[in-house]
Amino acid sequence: MKIAARRANLTRIAALAAIAAVLPALSACGGANLADAAPDAALQPGYATQPDGYPNLNVAPVAATNQIDDAERAALAAELETARRAQAGGPSAAAARAEQARLRRLARSHAGAKLTQIEATQGQ
């Protein structure tokens with residue numbers, strides 16, 4: 001009983017030592033820098049800065065690409081709606097059950113054929 005208690009205490013001490021060894025490494029991840037706080041575009045030259053050199057985050061950044069217009073949005077919505085309707089018209093539940101039963105019958109017949117083939121080769 002005393003050996004088990006000592007072993008449990010040593011296990012606890014080893015776990016605490018491992019945690020203590022990891023904590024300094026994790027504290028290095030806690031630092032914040034300007035790149036974390038500001039958007040990437042704000043750190044590029046030519047972006048609006050304040051007199052002290054820090055980026056002016058009150059200026060809206062310029063879009064990286066052209067935005068879609070209302071016509072493109074409507075075309076995409078219509079395409080998605082067509083795809084949704086095509087999927088909704090899939091096989092019925094009865095057809096799915098029939099296909100499932102067909103596949104189970106096929107599996108049983110294949111399993112039986114393979115079993116007889118294995119038994120035939122073992123007798124040799």
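How many residues apart in helix H3 are Arg 84 and Glu 81? They are 3 residues apart, about one helical turn, in a helix that covers residues 70-88. This is a predicted model.

**Salt bridges in the model**

The count comes to 3 salt bridges. The table gives each pair with its closest N to O distance.

| Pair | N to O distance | Place |
|---|---|---|
| Arg 84 and Glu 81 | 2.4 Å | helix H3 |
| Glu 81 and Arg 85 | 3.4 Å | helix H3 |
| Arg 102 and Glu 99 | 2.8 Å | helix H4 |

**Helix H3**

Glu 81 forms a salt bridge with Arg 84. Glu 81 also forms a salt bridge with Arg 85. Glu 81, Arg 84 and Arg 85 are thus linked in a network of salt bridges. The spacing of Glu 81 and Arg 85 is 4 residues, about one helical turn.

How exposed are these residues? Glu 81 has a relative accessibility of 27% and counts as partly exposed. Arg 84 is partly exposed too, with a relative accessible area of 48%. Arg 85 counts as exposed, at 57% relative accessibility, because the cut-off for exposed is over 50%.

**Helix H4**

Helix H4 covers residues 93-122. Arg 102 and Glu 99 both lie in this helix, 3 residues apart, about one turn. Their side chains meet in a salt bridge, at 2.8 Å from N to O. Arg 102 is partly exposed, at 39% relative accessibility. Glu 99 is partly exposed as well, at 35%.

Technical notes: Residues are numbered from 1 along each chain as its sequence is written. This is a predicted model: local features need pLDDT of at least 70, side-chain atom pairs count only at pLDDT 80 or more; totals for chains, interfaces and linings use all residues. Side-chain values use heavy atoms; hydrogens and water are left out. A salt bridge is a side-chain nitrogen of Lys or Arg within 4 Å of a carboxyl oxygen of Asp or Glu. Helices (H or I, at least four residues) and strands (E, at least two) are DSSP runs, numbered from the N terminus. Buried means under 20% relative accessible area, exposed over 50%, partly exposed in between (1.4 Å probe, protein chains only).
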